[in-house]
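Here are my notes on the model you sent round. I have set them out as numbered points so that you can follow along in the viewer.

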Amino acid sequence: MINLVLKPAFFLVLCTCFFVPPLQAQESPEVDIGGALRFNYNLSSWKPEQKTRGGDFGYDLFRINANAAYKGIYLNAEYRWYSDGFGGGMLKQGWFGYHFSKNKELQVGLTQVPFGIQQYNSNNWFFNLTYYVGLEDDHDMGIKYIYTGEKTEYQLAFFKNAEELRFGNDSEISHSRYSYDVAGRNKEINQFNGKFIYKFGGNVLQRIGFSAQYGSLYNLDTEESGNHYGLALHYEASYKDWNLKAEAMNIAHNPENAASTPDDTILMAAYGAAYEVAADFNIYTLTLSRNVPVNWGPVSALQFYNDFGYMQKQEDDFEDSYMNVTGVLLTAGNIYTYIDYAAGYNHSWLGGNYIDDFSRGTPNANWEARFNINIGYYF
């Protein structure tokens, strides 16, 4: 019933955009191809044999970025190739766009979900805790309207579903994806998003915002739809070379599972594998960074940062999760190098038990850490 009420209103808002005169369209096609090649070194506290050999250094990814425009319609796409163990090839994003005016835009396709701080709620190579539960740099299939004003910004979006690669009658989503989505016997469908930002300040540029999302979870076993929702309050401040980001989120999932399947956890997947996540939780994040210009041969800038995340699970017998990353980004021409010390507590990618760290967790678990260097040439 909710979808029937919201859909007409949502598309009415989008349709009003078409009465705005479009920007002058270029008369000849424009194409810009870019990409990156990255390698990664890591040394992890929970891998004794790796520590004995002094860590591992190897391939991270190769990616191609394409931007094209003609007659006012433009394209933005990025395809990535990871190793087979991390999901292989996958489309990170890919959408068509149209500017109705300098501050009004429409995007259709695999586009970023307008929720929380964008583009990233972090500064480091690992992202923040929000990324690992599908709430940072997430991309889904749908349509999005963006307004960017001098004092205010807002985005309205409808997503039919997450990336769909199999198109079967009752097939689960593929795990070979860049951003985390609900997986297993549930699928994200018919999701609505709204985001509003107010900008103010003189010497200190500030952005305070609110995000909301609501969608259905279709269960392949019961053939019934549950729901999920998210609310977020976010704040950003920039002063000279300093930047601060703070965010608080409330997230809930209510799947209509088969009787034999617990509903206090959901399954999420990306990079070729899935793990459990608590169905209901709050997340709090805080990041601080500072840019330092230098003149060290090819090195022109350093960015120092610390990114913190805390996941408070609503089930009393679930153990909470934490993440903290301290590091520096070195800029040398087209080469960007992240040097990070990432620590995690009940964190699936930072030691412990991969399957249920973000759900039940382990009481009195050890903090684990990973020293990581990511070197990338971006062209």
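1. Let me start with a single pair of residues: Trp-81 has Gly-89 in β4 as its bridge partner. That bridge belongs to the pairing of strand β3 (residues 73-81) with strand β4 (residues 89-101), which is antiparallel and counts 9 bridges. Please keep in mind throughout that this is a predicted model.

2. Moving on along the chain, β4 also pairs with strand β5 (residues 104-112), again in the antiparallel sense, through 7 bridges. The two strands β4 and β5 make a hairpin, and 2 residues lie between them. A handy bridge to look up here is the one from Trp-95 to its partner Gly-109 in β5.

3. Trp-95 deserves a closer look. Is this residue of strand β4 buried or exposed? Its relative accessibility is 11%, and because the cut-off for buried is under 20%, Trp-95 counts as buried. Beyond its neighbours within four places in sequence, Trp-95 touches Tyr-74, Leu-75 and Asn-76, and also Glu-105, Gln-107, Val-108, Gly-109, Leu-110 and Thr-111. For orientation, Tyr-74, Leu-75 and Asn-76 fall within the residue range of β3 (73-81), while Glu-105 and Thr-111 fall within that of β5 (104-112).

4. Still with Trp-95, you may like to check one distance to a residue further along the chain. Gly-142 is 47 residues away in sequence, and the C-alpha atoms of Trp-95 and Gly-142 are 9.2 Å apart.

5. Next comes a separate open sheet of 3 strands, in the order β8-β13-β14, with antiparallel pairing. Its edge strands are β8 (181-182) and β14 (273-278), each of which pairs on one side only. Between strand β13 (residues 265-270) and β14 there are 6 bridges, and the two run antiparallel. One of the residue pairs to look for is Leu-267 with its bridge partner Glu-276 in β14.

6. Which strand does β1 (residues 30-44) pair with over 9 bridges? The partner is strand β19 (residues 368-378), and the sense is antiparallel. Within this pairing, Asn-40 has Asn-374 of β19 as its bridge partner. Strand β18 (residues 335-345) is joined to β19 too, by 10 bridges and also antiparallel; here Ala-342 is matched with Arg-370 in β19.

7. Stepping back to the whole chain, the secondary structure consists of 2 helices and 19 strands. Among contacts between residues at least 6 apart in sequence, 62% join residues at least 24 apart. The pairing of β1 (residues 30-44) with β19 (residues 368-378) is a good place to see strands from distant parts of the sequence brought together.

8. On overall dimensions, the radius of gyration is 21 Å, which agrees with the value near 21 Å that a compact globule of 379 residues would have. Along the principal axes, the C-alpha atoms fill a box of roughly 65 × 65 × 40 Å. Of the 379 residues, 51% count as buried.

9. Finally, the surface and the charges. The accessible surface comes to about 17,800 Å², and carbon and sulfur atoms account for 59% of that area. The chain has 27 positive and 42 negative charges, and the mean positions of the two sets lie 9 Å apart.

Definitions and conventions
Residues numbered from 1 in each chain as written. Predicted model: local features only at pLDDT ≥ 70, side-chain atom pairs only at ≥ 80, totals over all residues. Heavy atoms only, no water. Helix = DSSP H or I, 4+ residues; strand = E, 2+ residues; numbered from the N terminus. Rg over C-alpha atoms; globule rule 2.2 N^0.38 Å. Buried < 20%, exposed > 50% of the residue type's maximum accessible area, 1.4 Å probe, protein only. Contact = heavy atoms within 4.5 Å. Areas by Shrake-Rupley, 256 points an atom, 1.4 Å probe, with all protein chains shown as cover. Lys, Arg positive; Asp, Glu negative; His and termini not counted. Charge placed at Lys NZ, Arg CZ, Asp CG, Glu CD. Pairing = 2+ DSSP bridges.
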